[in-house]
Amino acid sequence: MRRTLGRLAVHLVLALAAGTVLFPVYYAVVGAFMTPADLATYPPALIPHHLTTANFGAAARSVPLLRQYLNSAVVAGVITAAQLLTSILAAYALVFLPLRRPAAVFGIFLATLMVPWEAVIIPNYLTISGWGLGNTYFGLVLPFLASGFGTFMLRQSFRQFPAELRDAARIDGAGHWRFLWRILVPLNKPSLAAIAVYVFLSAWNQYFWPLIITRTAQMQTLQIGLSSLRVADSAAPGLILAGVLLSLLPTLALVVFGQRFIVRGLTAGAVR
Amino acid sequence: MPRPPSTTAPAARLGERALAWAFLLPSLAVFAVFLGYPLYRTFYLSAHANDLFGAPSRYVGLRHYTDLLGSAEFGRTLATTALFVLLTVVPGVIGALLLVLLLESRIRGVRVLRSAFALPFAFSVASAAVVFGVFYNPATGVLNGLLSHLGSGPVPWLTDRHHALLSVALATIWLNLGYNVLVLSAGIGSIAPEITEAARLDGASGWRLARSVTVPLLGPHLFFLVVVSTINALQSFGQINILTQGGPDGATRTLVYSVYEKAFAYGSSDFGAASAQAVVLLVVVLACTAVQFGLVERRVHYS
């Protein structure tokens with residue numbers, strides 16, 4: 001009897017916690033389809049009486065959401081591809097190529113993980129503006145083309161690569177370049193996927209840098225567009241939630257379908 | 001893994017060294033231009049006065065720092081930052097711990113629930129802040145609506161200096177919950193099942209099992225999470241900028257936000273004073289990282 005009561009209590013607490021934690025997700029999804037009338041009732045309706053898609057059009061008229069969607073996709077896509085490439089090359093050099101002081105070189109990569117980006121944002125702003133790249137795609141992506149995190153993760157998994165396979169490839173006449181792209185990279189897909197998921201999420205979700213480096217709505221990313229929706233239409237929550245839902249589509253997909261990759265990079269990824 | 005002795009000829013070896021540097025160059029170049037140089041430059045700017053457009057004009061030594069030491073406003077900024085860290089890290093870690101412990105009880109649907117708790121991870125700081133902004137709306141927000149159902153008056157979530165920091169912290173806790181749950185779930189997953197089984201056979205269950213077996217074994221993960229959450233909280237910017245802009249009356253002006261205000265907000269380009277604050281931020285974050293490396297990484301074997 002006590003056991004059943006205990007289990008019931010656990011169920012109840014978990015259900016309550018799940019309700020609380022998931023409510024913002026629910027509200028972002030459902031609110032995006034609610035009519036202004038439903039959203040403006042006091043107290044607000046939690047379950048819509050009518051569903052509408054008008055919020056999406058209205059949000060896109062208020063802020064160039066489609067263009068900003070494209071901006072975010074380009075920026076996050078380029079950053080992800082570039083970080084994968086630079087990390088693969090760097091990790092390869094650290095593991096498979098002769099270096100005089102490998103520990104010292106690796107130390108540089110580790111050190112980059114410890115610098116809080118906000119502490120160097122002013123000179124970076126001055127550099128990018130000084131090059132005339134403010135408010136451009138280049139300005140948005142250039143500082144993020146390499147990654148201590150990606151190199152760190154790939155070095156870990158390259159080091160576990162069986163030496164026999166490496167030797168076999170060498171005996172077959174595969175040089176470094178062919179060994180890297182034909183054998184090593186295909187066999188390390190899970191690690192690469194984990195890095196790609198992390199890098200894409202953090203690039204897609206960036207806020208501080210795009211805020212200061214862009215000036216026009218046409219060049220802003222979706223995240224900045226969301227905050228301008230809030231300023232422009234604070235009386236129309238439906239528009240804001242529609243914008244939020246659009247911005248969430250790729251990241252929700254990654255979190256739901258890529259969770260095992262996320263868990264892989266969990267503790268390493270935290271040291272940004 | 002020791003490198004096998006090379007059998008290649010010296011000439012080929014030279015080529016390999018060149019290749020190594022060619023492979024490292026793209027990464028090192030990005031780090032040099034966008035981390036190394038700006039690190040030096042932040043110190044440089046912090047020791048210079050600047051004109052109205054932010055260009056450094058003359059050397060002032062430590063003056064920006066002594067100004068900060070004597071400034072009551074900066075003292076308040078530091079206190080707000082510390083309070084914000086406390087308000088987000090403690091409930092964020094404890095809440096996540098309780099959730100994963102409850103998820104350990106063998107009930108149906110736990111896997112689905114664990115994935116569900118990770119969903120906030122998909123939210124960016126901007127999307128979470130904007131959604132909470134809708135919740136906090138004094139007239140149409142869900143929270144005040146709920147309170148009025150319960151017979152309580154409306155709460156000025158973001159417009160009152162005594163509530164604003166708490167409200168921003170609440171949004172932050174929610175935003176980080178997904179990550180915290182994932183980390184602690186991974187931690188529990190790494191505990192050898194024999195240990196918990198043995199404890200169960202000894203009659204431990206429920207809270208007793210959690211308190212004397214699971215939580216102590218989670219120690220390193222909890223510690224890691226506390227450090228990482230602290231560093232994250234110190235760097236929080238988006239939610240403050242979107243929800244309160246540091247207000248009302250400076251009640252949510254944290255260190256990072258203060259750097260932003262001095263350097264970029266309202267047409268301000270006071271890069272010298274802002275850089276001095278950025279150096280303070282750098283020192284605080286590096287101190288947290290040092291604590292982490294000193295206490296945890298010693299036990300984690302990287303090579």
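Start by selecting chain A and colouring it by burial: buried residues make up 43% of its 272 residues, where a residue is buried if 20 or more other C-beta atoms lie within 10 Å of its own, exposed if 12 or fewer, and partly exposed in between, with C-beta atoms placed from the backbone. This is a predicted model, in which local features need pLDDT of at least 70 and side-chain atom pairs count only at pLDDT 80 or more, while totals for chains, interfaces and linings use all residues. Residues are numbered from 1 along each chain as its sequence is written, and chains are lettered from A and ligands numbered from 1 in the order in which they are written.

**Chain A as a whole**

Keep chain A selected and switch to a cartoon view, which should show 16 helices and zero strands; helices (H or I, at least four residues) and strands (E, at least two) are DSSP runs, numbered from the N terminus. Turned along its principal axes, the C-alpha trace of chain A spans about 75 × 70 × 35 Å. Its radius of gyration is 23 Å, whereas a compact globule of 272 residues would have one near 19 Å; the radius is taken over C-alpha atoms, and the globule rule is 2.2 Å times the number of residues to the power 0.38.

Next, colour chain A by pLDDT, the predictor's confidence in each residue, from 0 to 100. The mean for chain A is 86, and 92% of its residues reach 70 or more. Among the elements of chain A, helix α7 (residues 137-141) has the highest mean pLDDT, 96, and helix α16 (residues 266-270) has the lowest, 52.

**Two stops in chain A**

Select residues 163-171 of chain A, which form helix α9. Of the nine residues of this helix, the number buried is zero, so helix α9 of chain A lies largely in the open. Just after this helix, click on Gly173(A), which takes a positive phi of about 90 degrees.

Move on to Val185(A), placed in helix α10 (residues 176-187) of chain A. Val185(A) is partly exposed, with 16 other C-beta atoms within 10 Å. Leaving aside residues up to four places away in sequence, Val185(A) touches Ile88(A) and Leu180(A), contact being counted if the C-beta atoms of two residues, placed from the backbone, lie within 7 Å. Select Phe158(A) as well: Val185(A) and Phe158(A) are 27 residues apart in sequence and 9.2 Å apart in space, C-alpha to C-alpha.

**Where the chains meet**

Now show both chains, where 70 residues of chain A are in contact with 76 residues of chain B. On the side of chain A that touches chain B, the largest share, 14 residues, comes from helix α1 (residues 2-31) of chain A. By class, this side of chain A has 52 nonpolar, 14 polar and four charged residues; Ala, Val, Leu, Ile, Met, Phe, Trp, Tyr, Cys and Pro count as nonpolar, Asp, Glu, Lys and Arg as charged, and the others, Gly among them, as polar.

**Chain B**

Select chain B alone, which has 13 helices and two strands. Of the 303 residues of chain B, 44% count as buried, and its C-alpha atoms fill a box of roughly 75 × 70 × 30 Å, taken along the principal axes.

Zoom in on strand β1 (residues 48-50) and strand β2 (residues 56-59) of chain B, which run antiparallel and are joined by two bridges, two strands being paired if DSSP finds at least two bridges between them. The two strands form a hairpin with five residues between them, and Gly54(B) in the turn has a positive phi of about 95 degrees. Within this pairing, Asn50(B) stands opposite Pro56(B) in β2 of chain B.

For the last stop, select the loop between α11 (238-243) and α12 (255-263) of chain B, where Gln245(B) is placed. Most residues other than glycine have a negative phi. Gln245(B), however, has a positive phi near 50 degrees, and Gln245(B) is partly exposed, with 16 other C-beta atoms within 10 Å. Asp249(B) lies in the loop between α11 and α12 of chain B, and its phi is also positive, near 55 degrees. With 10 C-beta neighbours inside 10 Å, Asp249(B) counts as exposed.
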